[in-house]
Amino acid sequence: MQLHHDFAQKLPHLVHSTEGEEQPHPELVILNEELAMELGFDPDWLRSSEGLEFLTGRAGGHAMAYSGFQFGAFNPQMGDGRAMLLGEVEKDGQLWDLHAKGTGLTPYSRLGSDGRGTLSSMLREYLISEAMHALGVPTTRALAVISTGRPIQRGHVQPAGIVVRVAASHIRVGTFHLAAQTDYTRQLADYAIARHYPGSDYQEFFTQVMDTQIRTVSQWMRLGFIHGVMNTDNTTISGETIDYGPCAFMEAYSPDTVFSSIDRQGRYAFGNQPSILGWNLARLAESLLPLFDMDMNKAMDFAQETINSYTDRFEHHRNKDLARALDTSLEIASSYSAAMQLNGPDITLAHRALADAAAGHPTPARELLPEGDFVDEYLTSSPDPSRVDSTMPRVIPRNLAVEAALSSAERGEMGPFREILHAVTHPWYPHPSFEAPDPLGLKGYLTYCGT
């Protein structure tokens, strides 16, 4: 298998050579064998000492540079402060990034950082990203998690770990912020177009990024996913979900739901995600303005017109996704959110109840959605039971079950983690242990990013 360094070779001003720090006692905790073989890796080699050297970044790679609006405040110089691009592999004519996180300090590390992360946070990323993939959401994938053998202080002493993820690319909105500051916007845009949207002009490129991201976030919201840190450096050009830090799944439906420990003002609450995505895309448009048209007035007119269309685009895609999942009309799908907000049910149980209703058993749906007439309205559309059953998952990564599995893994007990991993990567099959919400609820529940 040939390892490429395409991004680094074509855009050397947006990377810095680096290598992972030496680890005291690296051990492969979990390996995604199926994904490894799809990419052309020999799983046995990845388990070898040479393979571990590669996965932990000891063989070298590149830290990627970018800027970002973090909670609305612009940080002009960011980058991979605890991660590195190991390189790319080619599969079916497409390049796929291999990116390791938790490998130690890089030239972009912040003052006071150690460049590391907790084993539990890396296992969280593995679990949630693979669950999202199984649910059909565009996402980075997880190839492996390695325990480094190093204790680190994060509130309490915890074992450190590394996650190696796979993505169509790690080009972010924030990458364009940095390119715009250094006059490399055209080179970056040409590279991103060739890799993700071949044949597009710059205006089409922006529109396609917008629609791709809209489709992804629409799918998040149907499932109740909350990213937690939707900064521009966590918004990809490919449309893939990236960086599973303080993310979580909403259980009881409420647009105000926040689980991220660092989102103290609720900027990235569940219901704010559409507007935040629009805000992020507006920042991308600002970076791309010189490419839209040589006449700056025309460039600004295009950008403003396209951004003005965002809300309608998002609502259309969101209702289209819901209509597909519920096998109903766009009109009935458009009333779904109002019905959920009015009743506040567990979102996954409500989805399954609607699947039961489509199969001729409406009582559970009426019990979960007693206010309003959504269930009766929905049934008038005669949804196909098999189609609804195949789109409404029985299992999501419920937060307290995830925490229990991660706590066990931190103690070296991987059985519970593997059990929940199997459940969330087969979400349409019955898994009674992981289907019910916690009876005590999630009041006070918080997630952390592991830095």
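What follows is a walk through some helix packing and one cavity in this predicted model.

Let's start with helix H8, residues 202-223, and its partner H9. Two packed helices are described by the angle between their axes and the distance between the axes. For H8 and H9 the angle is about 165°, and the axes sit 10 Å apart. That makes the two roughly antiparallel, since angles over 145 degrees count that way. Their crossing is right-handed. On the H8 side, the contact takes in Tyr 202, Gln 203, Phe 205, Phe 206, Val 209, Met 210, Gln 213, Ile 214, Val 217, Trp 220 and Met 221. H9 answers with Gln 273, Pro 274, Leu 277, Leu 281, Leu 284, Ala 285, Leu 288, Leu 291 and Phe 292. Sort those residues by class and you get 17 nonpolar, 3 polar and no charged.

Now stay on H8 and look at helix H10, residues 296-308. Here the angle is about 20° and the axes are 11 Å apart, so H8 runs roughly parallel to H10. This crossing is right-handed too. From H8 come Gln 203, Phe 206, Thr 207 and Met 210, and they meet Phe 302, Thr 306 and Ile 307 of H10. The split for this contact is 4 nonpolar, 3 polar and no charged. Gln 203, Phe 206 and Met 210 may ring a bell: they are also listed in the H8 contact with H9.

Back to H9, which spans residues 273-292, and over to helix H7, residues 185-196. These two pack at about 95° with their axes 10 Å apart, which means H7 is roughly perpendicular to H9. The residues involved are Thr 185, Arg 186 and Ala 189 in H7, against Ser 287, Leu 288 and Leu 291 in H9. By class, that is 3 nonpolar, 2 polar and 1 charged. Leu 288 and Leu 291 of H9 also take part in the contact with H8.

Finally, what about empty space? The structure holds 1 cavity of 30 Å³ or more, and the largest cavity has a volume of about 60 Å³. Its lining is made up of Gln 213, Trp 220, His 227, Met 230, Asn 234, Thr 235, Thr 236, Glu 240, Thr 241 and Ile 242. In class terms, the lining has 3 nonpolar, 6 polar and 1 charged residues. Two of these names bring us back to where we began: Gln 213 and Trp 220 line the cavity, and both belong to the H8 side of the contact with H9.

Definitions and conventions. Residues numbered from 1 in each chain as written. Predicted model: local features only at pLDDT ≥ 70, side-chain atom pairs only at ≥ 80, totals over all residues. Heavy atoms only, no water. Axes fitted to C-alpha atoms, helices over the stretch in contact; angles between N-to-C directions. Helix = DSSP H or I, 4+ residues; strand = E, 2+ residues; numbered from the N terminus. Parallel < 35°, antiparallel > 145°, perpendicular 65-115°, else oblique. Contact = heavy atoms within 4.5 Å. Nonpolar A, V, L, I, M, F, W, Y, C, P; charged D, E, K, R; others polar. 1 Å grid on protein atoms, 1.4 Å probe; cavity = no way out; pocket = protein on both sides within 12 Å on 5 of 7 lines; lining within 4 Å. Points joined across faces, edges and corners; volume = space filled by probe spheres on them. Left-handed = near helix turned anticlockwise from the far one by under 90°.
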